[in-house]
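Subject: Structure for you to look over

Dear colleague,

Here is the structure I said I would pass on. My notes on what I found follow below it.

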Amino acid sequence: MAGRNDPHGTNRDIRDDVRDQIREFLGTRRARVTPEQAGLPLYGGDRRRVTGLRREEVALLAGISSEYYTRLERGNATGVSESVIEGIAHALQLDEAERIHLLDLLRGAGTTRPPRRRPAQQRVRPAVQRVLDSMGGTPAFVLSGRGDILAANGLGRALFSPVYADPARPPNNARFVFLDPQATEFFRDWDQIAGDCVAMLRAEAGRDLYDRRLTDLIGELSTRSEEFRRRWAAHNVRIHTTGVKLLHHPVVGDLDLPFESFPVGGDPSQVLLTYTAEPASPSEDALNLLASWAASNHHIERPAPADDSQPADSTETPD
């Protein structure tokens, strides 16, 4: 039944979806922890129907009643305390990204905030674009939590030219990874990239339950990619701020590029992503060659601004 302030039942649907996400997330985390890993005696032997922990075992490890944990896993998150969450995180051996995701989901299950029909288009401040442009020898981007490339410098656009080949704007990493056949050649470690991509989208979905653009993207990927659907169902989340990308660029060949990401001040949903090459390495030579190629190929344009000319939905609520 819809609430008094939600005649279309939209809030109810979102909260029901969050409760489903809590149940599935905790269920998948339970399934991966065996009693032996948790330091519990193994009862039941071959008659045990689950490979992971039972609900009552999680409750025992968390120091709460099994009835309370069962209600919580079903999405009844009203009044859950920090100590209970920490107990469950310890019992399920959650890492930092998973603990934050659980907190986001539990917070969302009890929210009464009416959803926006479509959030405002994200913008990159001119000063941030100037910072990108000043990093002439370093491919640099600003990404949204959805994986949209909101801004880049010239070398960044050249490095990710296969992603920019899609006419949709802004370019989106997740859409490229799962829907463009070039992705498996461009990303030499495609399987790792695909897993990271889904895990970051899953974490972003927990942070902002009311981002319709994110919901639309997940719906599109789920509809068009069986590989995305399979990975999405695993409920993995990840905080991914540093590492090495293994790329095969169509112009300069293989590059092994360490990357770092940094939050953009004033907008927690945006990150600045930079790539570098090890000094005196083949990747540095390839990156220098790419810079020369980019200087003579100006057709790799900046992302066109999104069309915000559509009239605002009368049901949209301000941030």
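This is a predicted model. I start with one helix pair: H6 passes H12 in a left-handed crossing. H6 covers residues 96-109 and H12 covers residues 190-207; their axes come within 8 Å and cross at roughly 35°. On the H6 side the contact involves His101, Asp104 and Leu105, and on the H12 side Arg202, Ala203, Gly206 and Arg207. Sorted by class, the residues in this contact are two nonpolar, two polar and three charged.

Leu102 also lies in H6. Leu102 has a relative accessible area of 2%, which is under 20%, so it counts as buried. Beyond its neighbours within four places in sequence, Leu102 is in contact with Phe25, Leu26, Ile85, Ile88 and Leu94. From Leu102 to Ala203 the C-alpha distance is 9.4 Å, with their positions 101 residues apart in sequence.

Ile88 appears again in a second helix pair, H3 with H5. H3 (residues 55-62) and H5 (residues 82-91) have axes 8 Å apart and pack at an angle of about 120°. That angle lies outside the 65 to 115 range for roughly perpendicular and is not over 145, so H3 and H5 are oblique to each other. The crossing of H3 over H5 is right-handed. Val58, Leu61 and Ala62 of H3 meet Gly87, Ile88 and Ala91 of H5. By class this contact has five nonpolar residues, one polar and no charged ones.

Now the sheet. Five strands form an open sheet with antiparallel pairing, in the order S2-S1-S5-S4-S3. S2 and S3 (242-249) each have a single partner strand and stand at the edges, so one side of each has no neighbour in the sheet. From one strand to the next the twist averages 30°.

S1 (residues 140-144) and S2 (residues 149-152) run antiparallel and are joined by three bridges. Four residues lie between the strands of this hairpin, and Gly147 takes a positive phi near 90°. S1 also pairs with S5 (residues 267-275), in the antiparallel sense, over five bridges. Val142 can be followed in both directions: its bridge partner in S2 is Ala151, and its bridge partner in S5 is Leu272. Helix H7 (residues 126-134) packs on the sheet and touches S1, S2, S4 and S5; the direction of H7 makes about 55° with that of S2.

Leu272 is also among the contacts of Ser261, together with His240, Thr241 and Leu273, when neighbours within four places in sequence are left aside. Ser261 belongs to S4 (residues 253-264). Is Ser261 buried or exposed? Its relative accessible area is 17%, and because the cut-off for buried is under 20%, Ser261 is buried.

Last, the totals for the protein chain. There are 15 helices and five strands. Of the 319 residues, 48% are buried. Among contacts with a separation of 6 or more, 59% are between residues 24 or more positions apart.

Regards

Definitions and conventions:
Residues are numbered from 1 along each chain as its sequence is written. This is a predicted model: local features need pLDDT of at least 70, side-chain atom pairs count only at pLDDT 80 or more; totals for chains, interfaces and linings use all residues. Side-chain values use heavy atoms; hydrogens and water are left out. Axes are lines fitted to C-alpha atoms, for helices over the stretch in contact, and angles run from 0 to 180 degrees between N-to-C directions. Helices (H or I, at least four residues) and strands (E, at least two) are DSSP runs, numbered from the N terminus. A crossing is left-handed if the near helix is turned anticlockwise from the far one by less than a right angle, and right-handed if clockwise. Contact means heavy atoms within 4.5 Å. Ala, Val, Leu, Ile, Met, Phe, Trp, Tyr, Cys and Pro count as nonpolar, Asp, Glu, Lys and Arg as charged, and the others, Gly among them, as polar. Two strands pair if DSSP finds at least two bridges between them. Buried means under 20% relative accessible area, exposed over 50%, partly exposed in between (1.4 Å probe, protein chains only). Angles under 35 degrees count as roughly parallel, over 145 as roughly antiparallel, 65 to 115 as roughly perpendicular and the rest as oblique.
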